[in-house]
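Open the model in your viewer and keep the selection tool at hand. The tour goes from one selection to the next and says what is found at each.

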Amino acid sequence: MMIGDEFLTLAPVLFPIIAGFALFSRPIFEDRHIYVGVMTFITSIITFFAAFMTGGELITLWRVTDSLSIAFRMDYPARAFSCLVAFIWPLVTIYAFEYLRRRPPIDRFYAFFLSTFGILIGVACAANLLTLYLFYELMTFMTLPLVMHEQKRESIRATISYLLYSLTGAALALGGFFFFQVYGVSMEFTPGGVLDMARISEHHNEGMLLTVTFFTLLGFGAKAGLVPLHAWLPTAHPQAPTPASAVLSGLITKAGVIAMFRVVYYVVGDDFLRGTWVQTTLICMALLTIFTGSMMAYVEKHLKKRIAWSSVSQVSYVVFAMMLLTPDGIRGAVLQIAAHAMAKSCLFLSAGVVIYFTLQGANYHYADQLRGVGKELPITMTCFALASVSLIGLPVTGGFTAKWYMAAGALGLGNLGIFGIIILMVSALLTAGYLLPIVTDAFFPGENYDYSSVVPFKLPMNMLLPLLLLGAGAVCTGLFAGSILDFVSTKIIPVLL
């Protein structure tokens with residue numbers, strides 16, 4: 001192992017955390033925006049270097065005991081997710097510079113926002129369950145001030161809800177940590193799992209381990225908005241500032257998925273779960289979440305709540321695909337993570353623009369009051385439309401390709417797989433039902449609309465550029481899905497299955 005590899009693996013985790021906490025003291029630069037922007041882009045550059053230039057060696061930061069340590073490894077799943085975070089986070093940051101200009105206290109927001117960047121990379125690169133759990137918990141406490149930013153009564157209530165659900169999920173996952181330590185041959189994440197099957201069979205503890213695994217996955221699923229631990233998501237998102245909502249929905253919910261992925265494929269192993277009640281139950285819970293989130297989004301009028309309910313549904317697509325335990329399921333899960341992160345970040349930032357400007361005194365907090373907004377903010381609503389068609393799953397978008405592979409992977413499950421495909425199709429129709437009317441009303445307000453009053457608004461570049469790149473990303477994940485699939489098929493699937 002070279003010193004360079006150790007630095008490149010640890011730097012994307014530690015650098016933004018240190019830089020974030022430095023904001024609580026006297027700033028290095030008089031303009032905080034310059035400091036935050038520089039630190040964010042440096043972190044992204046280091047992350048890309050780490051993803052492409054390290055060999056995936058185990059890097060131990062601190063050894064707690066002989067068997068427990070805080071350690072990181074930039075393996076292929078970590079590289080994929082870290083690069084996604086490193087692409088989206090700077091875009092949301094420069095958007096926040098304009099959005100938060102009149103929404104203090106910005107110093108505190110940027111301190112926690114920048115630190116969360118590093119903690120999320122830490123979740124992705126965690127090399128064992130202790131490290132994963134530690135950074136998973138840190139992420140909860142670092143994002144609480146983001147949700148509570150405006151410090152209103154509603155924001156505080158949403159923060160308390162977020163905290164209670166997160167702590168409940170973490171408590172469920174913590175029980176698994178102790179059992180896996182006892183019945184595992186190692187605490188390091190290992191493809192195929194670490195369970196000592198001979199010892200488990202000797203003590204006839206298969207049933208107990210399955211139960212423990214179920215509650216561990218359910219606990220980590222709280223961050224992903226899996227039913228029944230999902231209610232925090234549509235409560236917290238509307239209260240958080242739009243930049244925080246974008247990363248909460250687009251990226252931080254994926255921390256729960258990443259944790260579930262590590263447990264399934266690197267702790268207990270897919271062979272231990274295949275065909276068990278745990279696999280069946282989690283697939284059913286994911287499908288229930290997909291339908292519930294889509295239906296609630298369909299009837300919700302508040303714009304940000306509608307997009308948040310959509311996240312409840314769309315993130316569980318990943319859980320469904322992951323629990324298929326098939327190569328096509330993994331392909332669909334990875335594509336959905338990328339496509340959803342781009343599309344949902346774009347949707348929230350677009351919603352933030354129309355709420356931020358409140359053109360002509362209109363109340364743009366509600367989806368049925370966006371009539372004609374596409375005439376005033378055409379580029380914003382075009383990006384909103386691109387993200388929408390990706391979430392619906394129309395051809396050439398990333399959402400379409402991801403759902404195609406999910407359906408292919410589900411065919412091997414018999415009746416349950418067929419039922420899953422039906423739910424995916426129903427959810428796609430509901431998604432079209434709650435997103436496309438917003439687009440059509442925005443661009444085609446009807447004959448009674450006063451076109452003479454339309455004054456197109458020139459969007460600031462630091463808000464326009466993130467929208468354009470994220471909207472393009474939602475489509476490009478489908479146009480260039482072949483490259484992503486080649487990576488998954490050659491680097492990830494052969495190691496796992």
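## Second largest pocket

Select I392, G393, F400, K403, W404, A407, I421, L424, M425, A428 and L429; these residues line the second largest pocket. Two elements give two or more residues each to this lining: α17 (398–410) and α18 (415–443). Colour α18 first, since this helix gives the most, with five residues. By class, the lining of this pocket has nine nonpolar, one polar and one charged residues. The volume of the second largest pocket is about 290 Å³. Bear in mind throughout that this is a predicted model.

## Largest pocket

Next, select A80, L84, V334, A338 and I484. Of the 32 residues that line the largest pocket, these lie nearest its centre. Now show the elements that give two or more residues to the lining: α2 (32–53), α3 (76–99), α10 (242–268), α13 (303–323), α14, α19 (461–479) and α20 (481–496). Which element gives the most to the lining of the largest pocket? It is α3, with nine residues. The lining residues of the largest pocket divide into 27 nonpolar, three polar and two charged. This pocket has a volume of about 770 Å³.

## A residue in α14

Stay with α14, which covers residues 327–357, and select S350 within this helix. Is S350 buried or exposed? With a relative accessibility of 0%, S350 counts as buried, because the cut-off for buried is under 20%. Then show what surrounds S350: apart from neighbours within four places in sequence, S350 is in contact with T380, C383, F384 and L467.

## The cavity

How many cavities of 30 Å³ or more does the structure hold? There is one. To find the largest cavity, select L129, F180, S186, M187, E188, F189, V194, Y266 and V267, which line it. About 40 Å³ of space lies inside the largest cavity. Colour the lining of this cavity by class, and seven nonpolar, one polar and one charged residues appear.

## A strand pair

Last, select residues 59–63, strand β1, and residues 69–72, strand β2. The two strands run antiparallel and are joined by four bridges. Pick W62 to see one pairing: the bridge partner of W62 in β2 is I70. Follow the chain from β1 to β2 and you pass through a hairpin of five residues.

Key. Residues numbered from 1 in each chain as written. Predicted model: local features only at pLDDT ≥ 70, side-chain atom pairs only at ≥ 80, totals over all residues. Heavy atoms only, no water. Pairing = 2+ DSSP bridges. Buried < 20%, exposed > 50% of the residue type's maximum accessible area, 1.4 Å probe, protein only. Contact = heavy atoms within 4.5 Å. 1 Å grid on protein atoms, 1.4 Å probe; cavity = no way out; pocket = protein on both sides within 12 Å on 5 of 7 lines; lining within 4 Å. Points joined across faces, edges and corners; volume = space filled by probe spheres on them. Nonpolar A, V, L, I, M, F, W, Y, C, P; charged D, E, K, R; others polar.
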